[in-house]
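Please look over the sequence and the structure below before reading the notes. They deal with a few strands and one helix.

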Amino acid sequence: MYIHGYGERESERLVAQAGSVVRLLHEDTRFPPGARVLEVGCGTGAQTVSLARNSPGAQIVAFDHSTASLARAIDRVASAGLSNVEFLHADLFALPFDAASFDHIFICFVLEHLANPVEALLLVKRLLKPGGTVTVFEGDHGSAYFHPDSEIAQRAIACQVELQRRAGGNACIGRQLYPLLVKAGYDAPSVTPRVVYVDATRPDLVDSFTRKTFTWMVEAVRENALAAGIIDAATFDTGIRDLDRAAEPDGVFCYTFFKGVGVKPS
C-alpha cells in the first residue's frame, strides 16, 4: 500500500527526490544496448527518465498499477524526448510476461511498500534470463539524522514509519536488502550505501531533498497520524518545525539510501 497518496504535491515531491539523488542512484546504473529492462512500479516516471537517458540503447518496459501515476509517467517521458520506454498498466503480482523475458530488472522505492518483498523478488527473478540482474534501491528512515538534533522531530518521523508498518510496509527496509536478496536466491548479492549529505554549501539539496523530499514526506502523514492516535497535533507540528530547522543556514541533514544488485543463477 502506497501511504503517501497520489496527489499533486506527492508528484512534485517525487520529482524533487529524483532530481536530488539522480547521481547517487543512476550514475553507475546503466544497461547495455539491446537489453530489455523491466522497471517495476514506475509511478509518475520520476526515475524512468533517468533510467532511459542513462541506457539509450536499452528497451525499458515500465509498469504501474495506478492509472493516474502512469499517465504522468507517459507525459514526463514524452516531454523528455525519450523513445525507448514502453508503458504498461499492470500489477506486480499479476504480470503478463513469460519467464525469462528480461535481461535486467530495476526496482526503486517499491519493496518498502510491500508486505512480502521476498515474494516480489522471487517473482521478478522468474522473469529474468539466467545471468540477468535485479537492481533495487530503497531508503531507510532509521538513517535520518540532522543538526540541530531533535527528539521531537524523530517522533514525527516515527509516525511515518509506524503508519507504513501498519499498512504492511517497511520504511527502514534499506538495511535489509542484502538478506532479502540472499533469501530470494540471487547469486553474488552486493549492497552499497548511498549517503545524501546536505548543508548550506549545497542549496539545491537543501530545497529539493531536506525540504521537498524528506520533510514533505513526513508532513504528509499528519492527518493519518493524528487520526491513528500515534501523536498529538502540537507535538507533530513541533517536529516538522524542527525538521525545517535543519534547512536553515546552520542546519545539516543526512539520509542513506541503499543499492542492491543480484544475479539470477545460470
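The points below take two strands and then a helix in turn. The model is predicted, so every statement here describes a computed structure.

**Strand β1 and its partners**

- Strand β1 covers residues 36–40, and four of its five residues are buried, which leaves the strand mostly covered.
- With strand β2, residues 59–64, β1 forms a parallel pair held by four bridges.
- In this pairing, R36 lies opposite Q59 of β2.
- To get from β1 to β2, the chain passes through helix α3, residues 48–54. This β-α-β crossover is right-handed.
- β1 also pairs with strand β4, residues 102–108, again in the parallel sense and over four bridges.
- Here V40 is the residue that stands opposite I107 of β4.
- In a regular strand, side chains alternate between the two faces of the sheet.

**Strand β8 and its partners**

- Strand β8 runs over residues 252–263 and is mostly covered, with 10 of its 12 residues buried.
- Strand β5, residues 128–139, is joined to β8 by seven bridges, and the two run antiparallel.
- Within that pair, G139 is found opposite F257 of β8.
- Strand β6, residues 145–147, is joined to β8 by three bridges, also in the antiparallel sense.
- Y145 has C254 of β8 as its bridge partner.
- Strand β7, residues 187–198, pairs with β8 over 10 bridges, and this pairing is antiparallel.
- D187 has V263 of β8 as its bridge partner.

**Helix α8**

- Helix α8 is made of residues 203–219.
- How far does helix α8 span between its end C-alpha atoms, and what would a straight helix of 17 residues span? The helix spans only 21 Å, whereas a straight one would span 24 Å at 1.5 Å a residue.
- Where is the kink in α8 centred? The centre of the kink is R211, and the bend there is about 25°.
- Many positions in α8 are buried, among them L205, V206, S208, F209 and T210.
- Further along α8, the buried residues include T213, F214, T215, W216, M217 and V218.
- An α-helix has 3.6 residues a turn, so residues three or four places apart point the same way.

**Points to find in the model**

- For a parallel pairing, look at β1 beside β2; for an antiparallel one, look at β7 beside β8.
- For the kink, look at R211 in α8.

Technical notes: Residues numbered from 1 in each chain as written. Predicted model: local features only at pLDDT ≥ 70, side-chain atom pairs only at ≥ 80, totals over all residues. Heavy atoms only, no water. Expected span 1.5 Å × (residues − 1). Bend = angle between axes of the 7 residues up to and from the residue. Buried < 20%, exposed > 50% of the residue type's maximum accessible area, 1.4 Å probe, protein only. Pairing = 2+ DSSP bridges. Right-handed = clockwise from strand over helix to strand, strands pointing away.
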